[in-house]
Amino acid sequence: MWFAKFVVVLPILACAMQAQASWREKIYSSELKNYKAFEKCITKSSVQNGIPEILLMAVIRQEFGKPGLKKKNNPKSGKTTYDYGIMQINDIRLTHVPEEVKPLIKNDGCLNIEIGARMLTKEIAKADNFWQGVGNYHYRYDGKYPHNHHKYVRKVREKWMRIHNIATQ
């Protein structure tokens with residue numbers, strides 16, 4: 001008897017999984033084509049951290065980093081910092097990380113996404129609201145230049161909407 005139920009439910013599950021896969025295919029063949037190799041890492045990190053997958057996609061798209069990238073920043077404070085990898089994790093956030101681990105964070109795309117997703121989740125949890133937390137991933141809401149925070153939030157929202165529109169077409 002259980003087998004008959006399984007045979008009936010299986011095609012329904014297959015259709016649901018195919019529909020789920022197709023929205024991702026649309027996104028990874030357009031907006032996130034540079035990150036197709038990291039699709040499973042993005043899905044896994046969003047699930048493990050309890051954040052919307054489309055949010056993680058939008059942040060990755062906004063940061064527009066790549067494995068191995070170490071981008072120099074020249075902030076107005078005069079202190080040079082560096083952003084690492086796909087999620088452009090700033091080295092100021094990595095002060096507790098041993099120096100020999102930093103190249104892994106820079107070069108390993110999945111590790112970079114996992115750490116970035118964890119940081120994003122923590123910022124959202126600490127903030128007064130969701131979007132303030134998203135913006136704090138890039139620049140603190142209460143920092144010296146709050147326009148950097150607001151600009152980042154606006155850009156991530158734009159990416160979110162563009163990705164959502166692609167997924168639902």
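**Close-up views of a predicted model**

Buried residues make up 41% of the 169 residues in the chain. The model is predicted.

**Figure 1. Overview of the secondary structure of the predicted chain.** Seven helices and three strands form the secondary structure. Read from the N terminus, the order of elements is α-α-α-β-β-β-α-α-α-α. Among contacts in the chain with a separation of 6 or more, 53% join residues 24 or more positions apart.

**Figure 2. Close-up of the largest nonpolar core.** This core has 39 residues. Those with the most contacts inside the core are Ile42, Leu56, Met57, Met87, Ile113 and Leu120. Two or more residues each come from helix 1 (2–28), helix 2 (39–49), helix 3, helix 5, helix 6 and helix 7. Leu56 is shown with its contacts, leaving aside neighbours within four places in sequence: Ile42, Ser45, Ser46, Ile51, Met87, Ile113, Ala117 and Leu120.

**Figure 3. Close-up of helix 5 (residues 109–126) and its packing.** Helix 5 has 18 residues and spans 26 Å from its first C-alpha to its last, close to the 26 Å expected at 1.5 Å a residue. Its buried residues are Gly109, Asn112, Ile113, Ile115, Gly116, Ala117, Met119, Leu120, Glu123 and Ile124. An α-helix has 3.6 residues a turn, so residues three or four places apart point the same way. The buried residues of helix 5 pack against helix 2, helix 3, strand 2, strand 3, helix 4 (102–107) and helix 6.

**Figure 4. Close-up of Asn112 in helix 5.** Asn112 counts as buried because its relative accessibility is 0%, and the cut-off for buried is under 20%. Apart from neighbours within four places in sequence, Asn112 is in contact with Tyr84, Gly85, Ile86, Met87, Gln88, Ile89 and Ile105.

**Figure 5. Close-up of the largest pocket.** The volume of this pocket is about 1100 Å³. Its lining has 31 residues, and Asn73, Asn90, His138, Tyr139 and Asn148 lie nearest the centre. The elements that give two or more residues to the lining are helix 3 (53–63), strand 1 (70–73), strand 2 (81–84), strand 3 (89–90), helix 6 (130–138) and helix 7. Helix 7 gives the most, with four residues. Sorted by class, the lining has nine nonpolar, 11 polar and 11 charged residues.

**Figure 6. Close-up of helix 7 (residues 146–168).** Helix 7 has 23 residues, and the distance from its first C-alpha to its last is 33 Å, close to the 33 Å expected at 1.5 Å a residue. The residues of helix 7 that are buried are His149, Tyr152, Val153, Val156, Lys159, Trp160, Ile163, Ile166 and Ala167. Helix 7 gives two or more residues to the largest nonpolar core, and four residues to the lining of the largest pocket.

**Figure 7. Close-up of the second largest pocket.** About 180 Å³ of space lies in this pocket. The lining residues are Arg93, Leu94, His96, Val97, Ile105, Ile115, Arg118, Met119 and Lys122. Helix 5 supplies the largest share of this lining, four residues. By class, five lining residues are nonpolar, one is polar and three are charged. Ile115 and Met119, both in the lining, are also among the buried residues of helix 5.

Technical notes. Residues numbered from 1 in each chain as written. Predicted model: local features only at pLDDT ≥ 70, side-chain atom pairs only at ≥ 80, totals over all residues. Heavy atoms only, no water. Expected span 1.5 Å × (residues − 1). Buried < 20%, exposed > 50% of the residue type's maximum accessible area, 1.4 Å probe, protein only. 1 Å grid on protein atoms, 1.4 Å probe; cavity = no way out; pocket = protein on both sides within 12 Å on 5 of 7 lines; lining within 4 Å. Points joined across faces, edges and corners; volume = space filled by probe spheres on them. Nonpolar A, V, L, I, M, F, W, Y, C, P; charged D, E, K, R; others polar. Core = buried A, V, L, I, M, F, W, Y, C linked by side-chain atoms within 4.5 Å. Contact = heavy atoms within 4.5 Å.
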